[in-house]
Amino acid sequence: MGDVVRAPWNGYFVTGFDTCNQVLRGRDWLAPDLAWQERQEDRKQWEATATREMTTTLARLNAPEHTCQRRSLGNLFDRSTVERLTPDVGHHVDRLLDGLADTLRRGEADFVPAVSEQLPISTIGSWLGIPPEDHPHILEITHDQVFAQELLPTRSQLDVSARATVALRAYFTRLVAERRAEPRQDVLTGWIHTWDAMEPDRRRADEILYRLTMFVTIASLETTATLLTSMTRLLTEPSRWAWLREHPEHVDAALDEVLRYDPPIHINTRIAAEDTVLAGVPIKKDSMIHVLYGAANHDPRRNPDPHVFDIQRGGGHLTFGGGVHYCLGAALARLEARTLLTRMLERFPTLRTASPPEHAPRMVFRRITSLGVAL
Ligand code: HEM
């Protein structure tokens, strides 16, 4: 249907790899921020509590606010941090695979609740200092909150999301306050010092700290869980699994092919900063541009025979976005997936998918709720 396709509202879907890339990286395209929402005729559509709260998070800010907040976090997962976190992630993986092995001895196991959902919360939880007893609560409210980031949420989904938003605010505001009262040698204490030095208004500093801590946490959970499940589903096909066991040097390439083939996030929206033309289509200022990551990754001009899963294709993908909003946690997600895959290849030579994945009915965040595996 073309690189730029009209949506049945004030927006366009963008499908081609180069056109999506251009939108993600270009200065003519902005995040749909609060100022844009205020300018919309159908302002009411954006007034739901959960929607407004998400509009104040990092992904929905533009310069100069975005630049300032993003700089305050620095390069979260640079090479030395990833090296430092590697043993910790390894411990979480071993513990979860011990539990999985116990279940597999008795028969089929559901990989999603047993492993995919647990590894991201264990990892981010120990990095940010979220106590393990709170992990189930955080997982639950994150799943509920995500509806507000969907393309066309229903009123009842927005109500579920609103309750989750209130719970997330309460939880992360308290976490910041507790760390302020009892500083540690950890990343959150570092952010508190940074913001206290940058922002004389303590209430505003705490508000930004809440938003950053909450958003980094929720951004890291479902996305990584979906990658871990898709990875297991796609790679445990018996001939691929056997081949990867013989060629563990291709583990990173296999992960990139999983990321290309079935991205955890399918849609990201930008708006036109001015009247412009995109791939020959005139676009009016403030129109929404929905970047379709899956379609970009499956563009045959970029990845020939895109529907063939080929570990050695060396193709490109936009699964972590691009430009100034490029995913801050890509290196952590890769570390978790690499560690898990490597150890599963070693421990479970005959691991296979026993029942097909079940997907939540979503468009933007492609959550997989269940995947049966067996030996
Ligand atoms: C497979 C796992 C993940 C996927 C597929 C993913 C994907 C994305 C995408 C598509 C974006 C938007 C980029 C853009 O607008 O151009 C993004 C932004 C972001 N991601 Fe991830 N992500 C993953 C894991 C993580 C993890 C583990 C963390 C944190 C530890 C994280 C933190 C963030 C943050 C904070 C942003 C907002 C950056 C900004 O707006 O400046 N993500 N991610």
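## Around the ligand

Sorted by class, the shell around the ligand comes out at 18 nonpolar, 10 polar and two charged residues. Keep in mind that this is a predicted model. In total, 30 residues surround the ligand, and His66, Arg70, Asn268, His325 and Cys327 are the closest.

Some polar atoms sit at short distances here. Arginine 70 puts a polar side-chain atom 2.7 Å from an oxygen atom of the ligand, and histidine 325 does so too, with a polar side-chain atom 2.7 Å from a ligand oxygen. Glycine 322 takes part through its backbone: one of its polar backbone atoms is 3.0 Å from an oxygen atom of the ligand. As for where the shell comes from, the elements that give two or more residues are helix H4 (65–73), helix H11 (202–235), strand E5 and helix H15 (330–347). H11 gives the most, with seven residues.

## Strand E8 and its two partners

Now for strand E8, residues 288–292. How many of its residues are buried? Five of five, so to speak a mostly covered strand. Met288, His290 and Leu292 point one way from E8, while Ile289 and Val291 point the other way. The residues on both sides are buried.

E8 has strand E2 (residues 11–14) as one partner, joined to it by four bridges and running parallel. Within that pairing, phenylalanine 13 has histidine 290 of E8 as its bridge partner. Strand E5 (residues 267–272) is joined to E8 too, this time by five bridges and in the antiparallel sense. There, arginine 270 stands opposite isoleucine 289 of E8. Put the two pieces together and you get a handy picture: histidine 290, which points one way from E8, is the bridge partner of a residue in E2, and isoleucine 289, which points the other way, faces a residue in E5.

## Just past E5

Follow the chain on from E5 and you reach alanine 273, in the loop between E5 and strand E6 (276–278). Is alanine 273 buried or exposed? It counts as buried because its relative accessibility is 17%, and the cut-off for buried is under 20%. Alanine 273 also has a neighbour from far along the chain: aspartate 28 is 245 residues away in sequence, yet the two are 5.2 Å apart in space, C-alpha to C-alpha.

## A three-stranded open sheet

Elsewhere there is an open sheet of three strands, in the order E4-E10-E9, with antiparallel pairing. Its edge strands are E4 (109–110) and E9 (352–359), each of which pairs on one side only.

E4 and strand E10 (residues 368–374) are held in register by two bridges, in the antiparallel sense. If you want a residue pair to look for, aspartate 110 has glycine 372 in E10 as its bridge partner.

## Two cavities

The structure holds two cavities of 30 Å³ or more. The largest has a volume of about 50 Å³, and its lining is made of Glu117, Pro120, Leu139, Thr142, His143, Leu221, Glu222 and Ala225. Helix H8 (135–145) and H11 are the elements that give two or more residues to that lining. By class, the lining has four nonpolar, two polar and two charged residues.

The second largest cavity holds about 30 Å³ of space. Lining it are Val112, Glu117, His143, Glu222, Ala225, Thr226, Thr229, Arg367 and Ile368. What gives the most to this lining? That would be H11, with four residues. By class, the lining divides into three nonpolar, three polar and three charged residues. Glu117, His143, Glu222 and Ala225 turn up in the linings of both cavities.

## The second largest pocket

One more space to look at is the second largest pocket, with a volume of about 320 Å³. It is lined by 17 residues, and those closest to its centre are Arg27, Trp29, Leu30, Ala63 and Val324. The elements that give two or more residues to the lining are helix H1 (17–25), strand E3 (29–30) and H4.

By class, this pocket's lining has seven nonpolar, seven polar and three charged residues. H4 is worth a second glance, as it gives two or more residues to the pocket lining and also two or more to the shell around the ligand.

Technical notes
Residues are numbered from 1 along each chain as its sequence is written. This is a predicted model: local features need pLDDT of at least 70, side-chain atom pairs count only at pLDDT 80 or more; totals for chains, interfaces and linings use all residues. Side-chain values use heavy atoms; hydrogens and water are left out. Buried means under 20% relative accessible area, exposed over 50%, partly exposed in between (1.4 Å probe, protein chains only). Two strands pair if DSSP finds at least two bridges between them. A residue is near a molecule or strand if one of its heavy atoms lies within 4 Å of it. A polar contact is a pair of N or O atoms within 3.5 Å; within protein, one must be able to donate a hydrogen and the other to accept it, and residues adjacent in sequence count only if both atoms are side-chain atoms. Ala, Val, Leu, Ile, Met, Phe, Trp, Tyr, Cys and Pro count as nonpolar, Asp, Glu, Lys and Arg as charged, and the others, Gly among them, as polar. On a 1 Å grid over the protein atoms alone, a cavity is a set of points where a 1.4 Å probe fits but cannot get out, and a pocket is an open set with protein on both sides within 12 Å along at least five of seven lines; lining residues have an atom within 4 Å of a point. Grid points are joined across faces, edges and corners, and a volume is the space filled by probe spheres set on the points.
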